[in-house]
Amino acid sequence: MCYADTTTNADGTATAFCYCGWVEEHATPDAADYAAETHQRNADATETEPAATH
């Protein structure tokens, strides 16, 4: 399971990141929040997908 989060940079941009090593830079904190949520949701779906097929 991934745990994504964001941090706002001094210049107003934002970084979305996850302990799994995924990182993305974004122009706004809202965009970074969306990317982090999407990353976490996609990772969760990937983990539960094999279990659902058995």
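## A tour from Thr6 to the cysteines

Start by selecting Thr6 and Ala16: in β2, Ala16 is the bridge partner of Thr6. You are looking at a predicted model, so please read every stop on this tour in that light.

**Stop 1: the hairpin**

Thr6 itself sits in strand β1. Widen the selection to residues 4-8 for β1 and 14-18 for β2, and you have two strands paired in the antiparallel sense over five bridges. One step along from your starting pair, Asp5 stands opposite Phe17 in β2. Now follow the chain through the turn: β1 and β2 make a hairpin with five residues between them. Click on Gly12 in that turn, where phi is positive at about 95°.

**Stop 2: the whole sheet**

Next, bring in the third strand. The sheet is open, has three strands in the order β1-β2-β3, and its pairing is antiparallel. Which strands stand at the edges? They are β1 and β3 (23-26); each has a single partner strand, so one side of each lacks a neighbour in the sheet. Look across the strands and you can see the turn between neighbours, which averages 20° with direction ignored.

**Stop 3: back to Thr6**

Keep the sheet on screen and show the side chain of Thr6. This residue is partly exposed, with a relative accessible area of 24%. Leaving aside residues up to four places away in sequence, Thr6 touches Thr15, Ala16, Phe17, Ala32, Asp33 and Ala36. Draw a distance between the side chains of Thr6 and Asp33: a polar contact of 3.0 Å joins them. For another distance, pick the C-alpha atoms of Thr6 and Glu37, which are 9.8 Å apart in space and 31 residues apart in sequence.

**Stop 4: the nonpolar core**

Select Cys2, Ala4, Ala14, Ala16, Cys18, Trp22, Ala32, Ala35, Ala36 and Ala43. These ten residues make up the largest nonpolar core. Both β2 and α1 (29-53) supply at least two residues of this core, and α1 gives the most, with four. As background, nonpolar side chains tend to be buried together in soluble globular proteins.

Centre the view on Ala36 to see one of the core members in its surroundings. Not counting residues up to four places away in sequence, Ala36 touches Ala4, Asp5, Thr6, Ala16 and Trp22.

**Stop 5: His39**

Move along helix α1 to His39. Is His39 buried or exposed? At 15% relative accessibility, His39 counts as buried. With residues up to four places away in sequence left out, the contacts of His39 are Cys2, Ala4, Cys18, Cys20 and Trp22.

**Stop 6: the cysteines**

Two of those contacts, Cys18 and Cys20, make a good last selection. Cys18 is buried, at 6% relative accessibility, while Cys20 is partly exposed, with a relative accessible area of 43%. How many disulfides does the model have? The count is zero. Show the sulfur atoms to see the reason for this pair: the closest cysteine sulfur to that of Cys20 is the one in Cys18, and at 3.7 Å it is too far for a bond. The cut-off used here is 2.5 Å between cysteine sulfur atoms. Seen from the other end, Cys18 is in no disulfide, and the sulfur of Cys20 is its nearest cysteine sulfur.

Note on methods
Residues numbered from 1 in each chain as written. Predicted model: local features only at pLDDT ≥ 70, side-chain atom pairs only at ≥ 80, totals over all residues. Heavy atoms only, no water. Pairing = 2+ DSSP bridges. Core = buried A, V, L, I, M, F, W, Y, C linked by side-chain atoms within 4.5 Å. Buried < 20%, exposed > 50% of the residue type's maximum accessible area, 1.4 Å probe, protein only. Contact = heavy atoms within 4.5 Å. Polar contact = N/O pair within 3.5 Å; in protein donor to acceptor, adjacent residues only side chain to side chain. Axes fitted to C-alpha atoms, helices over the stretch in contact; angles between N-to-C directions.
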